[in-house]
Amino acid sequence: ERLCVTCSAPTNIATIKYWGKASAELNTPINSSVSVTLHQDDLKAITTVAASRSFSKDRLWLNGKEEDVESNKRLTTVIKLVRALAGDKVDAKTGEVLVYKADWPQYHVHIASRNTFPTAAGLASSAAGYACLTFALAQLFAACETYDGELTAIARQGSGSACRSLYGGFVRWQKGERADAADSIAVQVADEAHWPELRALIFVASAAKKGTSSTSGMGTSVATSELLRHRAAALVEPRLAAIEAAYLARDFAGFGRATMVDSNQFHATCLDTYPPIFYMNDVSRALVQAVHAFNAHHGAIRAAYTFDAGPNAVVYTTASDVAQLLAVMSRAFPVPRGAPACSDAALAAEAA
Ligand code: DP6
């Protein structure tokens with residue numbers, strides 16, 4: 001017999017960034033971070049996990065291509081940790097026990113995961129992917145948390161930013177103090193119903209694959225950037241308190257300013273890294289100026305950009321400003337005649 005579960009999970013975009021690991025082994029951060037979970041249908045991971053006694057080993061297919069499980073330390077860690085929480089699997093309709101807790105060691109899993117991200121967006125898909133995998137495995141194994149947030153601590157070990165995708169709304173990943181990192185978990189600050197007017201627009205500045213992965217980039221930054229050390233020690237905590245208060249008060253100006261200042265500072269730490277890392281390009285910088293011009297025109301912060309480890313922007317704004325902001329942006333960044341729309345380009349790239 002064979003048990004099967006399918007889940008989907010959204011991505012999230014940090015407004016106060018995670019950059020730098022305190023422990024590579026436990027995947028803990030040098031500072032807490034906070035993000036907005038995006039609920040667009042076209043930006044999520046979808047994962048199916050199946051368990052059977054007839055499977056001879058754990059296997060994984062990512063976007064249709066089989067990947068080696070054994071050599072993937074993050075993946076094997078996540079599978080092992082969720083399995084350790086396994087309970088009796090009960091049929092929801094009949095109440096019949098399908099697998100007793102003690103029998104799980106006889107089962108292996110097959111995992112198929114894909115993401116619906118347009119390739120051209122180049123947005124980190126590991127956050128949605130590991131959040132989805134952790135949750136799907138937890139459902140499959142009827143896992144029970146032994147403390148609040150334990151599943152987020154497991155997702156964290158797949159990819160740091162993934163822990164924040166287990167909740168909707170505005171979510172903090174607290175860095176934690178304990179040596180075993182059990183308190184390095186995600187906590188929901190406000191749920192997805194709290195600020196229904198908030199919008200996130202994605203601007204693709206380059207469809208090229210990013211040069212430096214987050215994991216290796218932050219490793220070099222921790223080793224070489226004094227600015228990053230100062231940021232983590234003194235600057236992030238007060239900014240987190242300020243942005244959480246602004247989000248709770250639906251104060252867009254306060255939220256937007258902290259978001260932009262933190263994105264700029266994150267990219268400054270990349271420049272302060274030796275050798276320096278450049279994620280933003282000329283188009284990214286032009287977009288920064290266009291957003292500031294938009295805000296100056298209104299005499300208030302009504303749009304706010306943020307950039308992750310790549311050149312593409314996420315711009316937060318509110319529903320009533322979306323049309324005007326898009327009109328301004330399409331004048332500032334005309335799409336060349338004949339150029340495919342983003343999703344067409346993505347499909348073409350995938351097909352090729
Ligand atoms: C710039 O979560 O991808 O997006 O823990 O090594 O997998 P690993 O890193 P990852 O880094 C994300 C970095 C960031 C900022 C953020 O999401 O907070």
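# A walk through the predicted model

Strand 7 (residues 59-62) and strand 11 run parallel to each other, joined by four bridges. That is a handy place to start, with the reminder that this is a predicted model. To find the pairing by eye, look for arginine 59, whose bridge partner in strand 11 is histidine 110. On to strand 8: strand 7 pairs with strand 8 in the antiparallel sense, over three bridges. Here tryptophan 61 sits opposite glutamate 66 of strand 8. The hairpin made by strand 7 and strand 8 has two residues between the strands, and in it asparagine 63 takes a positive phi near 50 degrees.

Now zoom out a little. These strands belong to an open sheet of five, ordered 1-6-11-7-8, with mixed pairing. Strand 1 (2-10) and strand 8 (65-67) are the edge strands; each has a single partner strand, so one side of each has no neighbour in the sheet. On average, neighbouring strands here are turned by 20 degrees against each other, direction ignored. As a general reminder, strands of a sheet pair through backbone hydrogen bonds, either parallel or antiparallel.

At the strand 1 end, nine bridges link strand 1 to strand 6 (residues 44-52), and the two run antiparallel. A good landmark is threonine 6, which stands opposite threonine 48 in strand 6. Helix 2 packs on this sheet, touching strand 1, strand 6 and strand 11 (108-115), and its direction makes about 145 degrees with that of strand 1.

Helix 2 turns up again when you look at the interior. The largest nonpolar core has 85 residues, and the members that touch the most others are Ala131, Cys132, Phe135, Leu137 and Val315. Helix 2 (residues 126-140) is the biggest contributor to this core, giving eleven residues. In general, nonpolar side chains tend to be buried together in soluble globular proteins. What does cysteine 132 touch, leaving aside residues up to four places away in sequence? Its contacts are Cys7, Ser8, Ala9, Ala45, Thr47 and Ser113.

Follow the chain out of helix 2 and you reach alanine 142, in the loop between helix 2 and helix 3 (150-158). Its phi is positive, about 50 degrees, although alanine 142 is not a glycine. Is alanine 142 partly exposed or buried? Alanine 142 counts as partly exposed, because it has 18 C-beta neighbours inside 10 Å.

There is a similar story further along. Arginine 250 lies in the loop between helix 5 (226-248) and helix 6, and has a positive phi near 50 degrees, again in a residue other than glycine. Arginine 250 has 15 other C-beta atoms within 10 Å, so it is partly exposed. After helix 6 comes another backbone feature to look at: the peptide bond from tyrosine 274 to proline 275 is cis, with omega near -10 degrees. Proline 275 is in the loop between helix 6 (252-272) and helix 7 (282-298). For context, most residues other than glycine have a negative phi, and most peptide bonds are trans.

Next comes another sheet. Three strands make up this open, antiparallel sheet, in the order 14-16-15. Its edges are strand 14 (198-203) and strand 15 (303-307); each has a single partner strand, so one side of each is left without a neighbour in the sheet. Neighbouring strands are turned by 25 degrees against each other on average, direction ignored. Strand 15 and strand 16 (residues 313-318) pair antiparallel over five bridges, and the bridge partner of alanine 304 in strand 16 is tyrosine 316.

Which strands does helix 7 touch as it packs on this sheet? Helix 7 touches strand 14, strand 15 and strand 16, and its direction makes about 160 degrees with that of strand 15. Helix 6, meanwhile, lies across strand 15 and strand 16, at about 25 degrees to strand 15. Back in helix 7, you will find alanine 293. This alanine 293 has 12 C-beta neighbours inside 10 Å and therefore counts as exposed.

Last stop, the ligand. It is surrounded by 15 residues, the closest being Ala14, Tyr18, Ser159, Gly160 and Ser161. Sorted by class, the shell around the ligand holds five nonpolar, eight polar and two charged residues.

Notes:
Residues numbered from 1 in each chain as written. Predicted model: local features only at pLDDT ≥ 70, side-chain atom pairs only at ≥ 80, totals over all residues. Core = buried A, V, L, I, M, F, W, Y, C linked by C-beta atoms within 7 Å. Buried ≥ 20, exposed ≤ 12 C-beta atoms within 10 Å, placed from the backbone. Contact = placed C-beta atoms within 7 Å. Near = placed C-beta within 6 Å. Nonpolar A, V, L, I, M, F, W, Y, C, P; charged D, E, K, R; others polar. Pairing = 2+ DSSP bridges. Axes fitted to C-alpha atoms, helices over the stretch in contact; angles between N-to-C directions.
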